[in-house]
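Me: Hey, I've just opened this one and I'm new to it. Can you walk me through what's in there?

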Amino acid sequence: MSSARARGAEEAPGWLRGTPQPRWLRALPAVMLAALTFAQIVTPQTLELGYFVVAATPVAALAYGPLSVGVLGCLTLLTLSLPYGRRIWDVETPDLLAVVVVVVLSVVIAWVRTRREQQLVTVRTVAEAAQLAVLPPLPATVGRVRCAGLYRSAQRGLLVGGDLYDVREGPHGVRALVADVQGHGLEAVATVAALLGAFREAVLDEEDLARVAARLDRRLVVDSLADEHAELFATAVVLEFPAGEAVVRVVSCGHPPPLLLRGGSAHEIDVDPAPPLGLGLAGTVPVAVASVPLEHGDRILAHTDGVTEARDAAGAFYPLVRRLPALAASVPREDLMALNEAVREDLVRFAGKAENVHDDVALLALGPGEVSDREPAAASRP
């Protein structure tokens, strides 16, 4: 399974991604002309509807390019200029000149709109490429650990915000990171990129899991020194699946503890939290490493506080620990992405609608394999 990004209703409208406009919008100018012509024929001659015909070309400018709008405008002028058309519309020469002006303006509007949409599509394509470079989709397996990540930004249309996750294999096993940095949206992306870079290096260089947390802490402290007004900090949980051992080691730096799904129950992994990253305390305050033996079929769900701090209409917090067993039982055990999606959908139902979830949401589901497992990587889900 692979990581999922903000899609569907949380994205920009379709025509900003280069897809065609809705069919009803493209058909609207022709429907308007037909309806006005029919109304003018069946109504008394004292009721003049010809002035409304001029609205067809501006409406067409919303859906068509300048060439199509120009053709429609010429056809409208030709119809109004013909003797039969004049009998229907009773259009005088000054009125035709006004229609010409509106047609020309509609062509200009259509030209400006199409250029604007092309620019927006280009900018969005570049932004998506940059965001996915910061937080790329996870592979189905990393080492012997199956993984699936799901992310939803609190800022509409963004694929990356203040939350992050990653899973990497190194000489000391498979390590995973889930973190929540200060701020939301684009202003947090630089901090996200810095933390991910530091984590990926620490996976290769640091033998001790506590030293990985210290490396992340130092990254934020150094970045804060570059700007005297910067106050960078983040909460994080780091997990390690050592090679050849059926255990998971966990370090928490002010972050909600991950949940262990075993059988039909779920509980938080008991870990003594260290201070958040970026305060410069990781090198002075001891960082506790919790070690939990793993059994066959165990699943681990790490998350950010955007999940547990979501509220319903009565102001109650989302009870993830209590609801997770039923959600896990409703999806196939091997489908970790389905587990993430079930939690996300249940969270939205609990809050009433997606807009009521005001914080970034990140979910990382992990399925440790047996020590002897060597599972081939499966294709990522789009």
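Reply: Sure. This is a predicted model, and its secondary structure comes to ten helices and eleven strands.

Me: How many residues are there, and what share counts as buried?

Reply: The protein has 382 residues, and 47% of them count as buried. It exposes about 18,700 Å², with carbon and sulfur atoms supplying 61% of that.

Me: And what share of the contacts join residues at least 24 apart?

Reply: That comes to 71%, counting contacts between residues at least 6 apart in sequence.

Me: OK, helices. What does H7 look like?

Reply: H7 runs over residues 209-225, so to speak 17 residues in all. From first C-alpha to last it reaches 25 Å, close to the 24 Å expected at 1.5 Å a residue. At its start, a side-chain oxygen of aspartate 208 comes to within 3.1 Å of the backbone nitrogen of alanine 210.

Me: Which residues of H7 are buried, and what do they pack against?

Reply: The buried ones are Leu209, Ala210, Val212, Ala213, Ala214, Arg215, Leu216, Asp217, Leu220 and Ser224. They pack against strand E4 (173-181), helix H6 (189-205), strand E5 (234-241) and strand E6 (247-253).

Me: Arginine 218 is in H7 too. Is that one buried or exposed?

Reply: Arginine 218 counts as exposed because its relative accessible area is 52%, and the cut-off for exposed is over 50%. Its C-alpha is 6.8 Å from that of glycine 278, although the two are 60 residues apart in sequence.

Me: What about H6, how does its span work out?

Reply: H6 has 17 residues, so at 1.5 Å a residue it should span 24 Å, and its end C-alpha atoms are indeed 24 Å apart. Its buried residues include Val189, Leu195, Leu196 and Phe199.

Me: Switching topic: where does histidine 255 sit, and what does it touch?

Reply: Histidine 255 is in the loop between E6 and strand E7 (259-262). It is buried, at 4% relative accessible area. Not counting residues up to four places away in sequence, histidine 255 touches Val178, Ala179, Asp180, Thr235, Ala236, Val237, His303 and Thr304.

Me: So there's another histidine in that list. Where is histidine 303 found?

Reply: Histidine 303 is in strand E10, and with 2% relative accessibility it counts as buried. Leaving aside neighbours within four places in sequence, its contacts include Val178, His255, Pro256 and Leu320.

Me: Which helix does Leu320 belong to?

Reply: Leu320 is one of the buried residues of helix H9 (residues 320-329), along with Leu324, Pro325, Leu327 and Ala328. The buried residues of H9 pack against E7, strand E8 (265-268), strand E10 (299-303), helix H8 (305-308) and helix H10 (336-351).

Me: Now salt bridges. How many are there?

Reply: The count comes to 15 salt bridges. One of them joins the side chains of arginine 146 and glutamate 334, at 3.5 Å from N to O. That pair links distant parts of the chain: arginine 146 is in strand E2 (residues 145-152) and glutamate 334 is in the loop between H9 and H10, 188 residues apart.

Me: Are those two ends buried or exposed?

Reply: Arginine 146 counts as buried at 14% relative accessibility, while glutamate 334 is partly exposed at 49%.

Me: Which residues are linked in a network of salt bridges?

Reply: Arg175, Glu240, Glu245 and Arg249 are. Within that group, glutamate 245 bridges to arginine 249, with the closest N and O atoms 3.1 Å apart. Both count as partly exposed, glutamate 245 at 31% relative accessibility and arginine 249 at 24%.

Me: And how are aspartate 346 and arginine 349 placed in H10?

Reply: They are three residues apart in helix H10, which means about one helical turn separates them. Their side chains meet in a salt bridge, 3.4 Å from N to O. Aspartate 346 is buried at 5% relative accessible area, whereas arginine 349 counts as exposed at 56%.

Me: Last one: which residues form the nonpolar patch on the surface?

Reply: Val100, Val104, Val108, Trp111 and Val112, with about 430 Å² of accessible area together. Valine 104 lies in helix H5 (residues 93-134) and is partly exposed, at 48% relative accessible area.

Notes
Residues numbered from 1 in each chain as written. Predicted model: local features only at pLDDT ≥ 70, side-chain atom pairs only at ≥ 80, totals over all residues. Heavy atoms only, no water. Helix = DSSP H or I, 4+ residues; strand = E, 2+ residues; numbered from the N terminus. Expected span 1.5 Å × (residues − 1). Buried < 20%, exposed > 50% of the residue type's maximum accessible area, 1.4 Å probe, protein only. Contact = heavy atoms within 4.5 Å. Polar contact = N/O pair within 3.5 Å; in protein donor to acceptor, adjacent residues only side chain to side chain. Patch = residues over 30% accessible without salt bridge, like charges linked within 9 Å, V, L, I, M, F, W, Y side chains within 5 Å. Areas by Shrake-Rupley, 256 points an atom, 1.4 Å probe, with all protein chains shown as cover. Salt bridge = Lys/Arg side-chain N within 4 Å of Asp/Glu carboxyl O.
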